[in-house]
Amino acid sequence: MKTFLTIFITALLIVPELFCGNVGLALGLPIFAALFFSGSFGIAYGIAAAGCAGLTMDLLYARPLLCSAPVWILITFAAGECAMRLRMRTPEAPLAAGFIIGTMQLIWNILYALTAGTPFPGPDIFSMLIFQAVGGSIFMLLLTLLFDAVNFRCNLPRFSPPENNRQDIGRRI
């Protein structure tokens with residue numbers, strides 16, 4: 001069930017990412033899901049979701065530099081580390097992680113635009129920073145609330161540290 005949910009949600013978030021990317025907004029929506037899967041199911045699920053989504057986006061846009069996958073994995077690690085330090089069960093954890101994902105995604109978009117010679121994302125950098133950071137915080141909080149409810153109904157681990165998930169403790173012993 002975990003594998004199916006990871007594949008389905010990642011593929012589902014690639015579609016709006018493609019729509020937004022076609023109008024000049026590279027939001028990195030699959031990174032948010034990768035962080036959720038990393039915090040809920042384990043780091044391997046987060047790596048797989050971020051890596052596959054990054055590679056898929058690079059291939060669909062026929063980018064000359066196929067480097068979104070490792071960058072998205074690094075963004076997932078950085079945001080996951082922030083969420084782990086905030087104990088992940090507080091509302092601040094998804095807000096801070098979403099802020100980090102949004103900010104790092106914008107920095108990645110700017111660096112990629114400079115190296116590949118593509119146009120900058122959005123109208124100007126300051127408004128995109130506010131949009132990405134605040135929008136990422138809100139999106140991550142809503143995504144966490146929604147998927148925690150889904151995971152609760154499906155008897156799957158929720159977005160919390162492994163020591164707080166009773167199901168993970170039973171599997172380690």
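**Exercise 1. Decide whether Asn-155 is buried or exposed, and find out where it sits.**

Step 1: Asn-155 has a relative accessible area of 57%.
Step 2: Compare that with the cut-offs: buried means under 20% relative accessible area, exposed over 50%, and partly exposed in between, using a 1.4 Å probe and protein chains only. So Asn-155 is exposed.
Step 3: Now for its place in the chain: Asn-155 lies in the loop between H6 and helix H7 (166-172). Helices here are DSSP runs (H or I, at least four residues), numbered from the N terminus.

Before you go on, keep in mind that this is a predicted model, where local features need pLDDT of at least 70 and side-chain atom pairs count only at pLDDT 80 or more, while totals for chains, interfaces and linings use all residues. Residues are numbered from 1 along each chain as its sequence is written, and side-chain values use heavy atoms, with hydrogens and water left out.

**Exercise 2. Look at phi of Asn-155 and of Ala-62, and describe the place of Ala-62.**

Step 1: Start with the general rule: most residues other than glycine have a negative phi.
Step 2: Asn-155 has a positive phi, near 60 degrees, and it isn't a glycine.
Step 3: Ala-62 isn't a glycine either, and its phi is positive too, near 50 degrees.
Step 4: Ala-62 belongs to the loop between H3 and H4, and at 63% relative accessibility Ala-62 is exposed.

**Exercise 3. Check the span of H5 against the expected one, then see what follows H5.**

Step 1: H5 covers residues 92-116, which makes 25 residues.
Step 2: The expected span of a helix is 1.5 Å times one less than its number of residues. For H5 that comes to 36 Å.
Step 3: From first C-alpha to last, H5 reaches 35 Å, close to the expected value.
Step 4: Right after H5 comes Gly-117, with a positive phi near 75 degrees.

**Exercise 4. Work out what surrounds Asn-109.**

Step 1: Asn-109 is part of helix H5 and is buried, with a relative accessible area of 11%.
Step 2: Leave out residues up to four places away in sequence, and Asn-109 touches Ala-26, Pro-121 and Gln-132. Contact means heavy atoms within 4.5 Å.
Step 3: Zoom in on Ala-26: its backbone oxygen is 2.9 Å from a polar atom of the Asn-109 side chain.

**Exercise 5. Find the helices that build the largest nonpolar core.**

Step 1: A nonpolar core is a set of buried Ala, Val, Leu, Ile, Met, Phe, Trp, Tyr and Cys residues joined through side-chain atoms within 4.5 Å. The largest one has 34 residues, and Leu-35, Trp-72 and Ile-101 are among those with the most contacts inside it.
Step 2: Two or more residues come from each of helix H1 (2-22), helix H2 (29-40), helix H3 (43-60), helix H4 (68-85), H5 and helix H6 (125-153).
Step 3: H2 gives the most, with eight residues.
Step 4: Take Leu-35 as a sample. Beyond its neighbours within four places in sequence, its contacts include Thr-76, Ala-97, Met-140 and Phe-159.

**Exercise 6. List some buried residues of H4 and say what covers them.**

Step 1: Among the buried residues of H4 are Val-71, Trp-72, Ile-75 and Cys-82.
Step 2: The cover over the buried residues of H4 includes H2, H3 and H5.

Terms used
A polar contact is a pair of N or O atoms within 3.5 Å; within protein, one must be able to donate a hydrogen and the other to accept it, and residues adjacent in sequence count only if both atoms are side-chain atoms.
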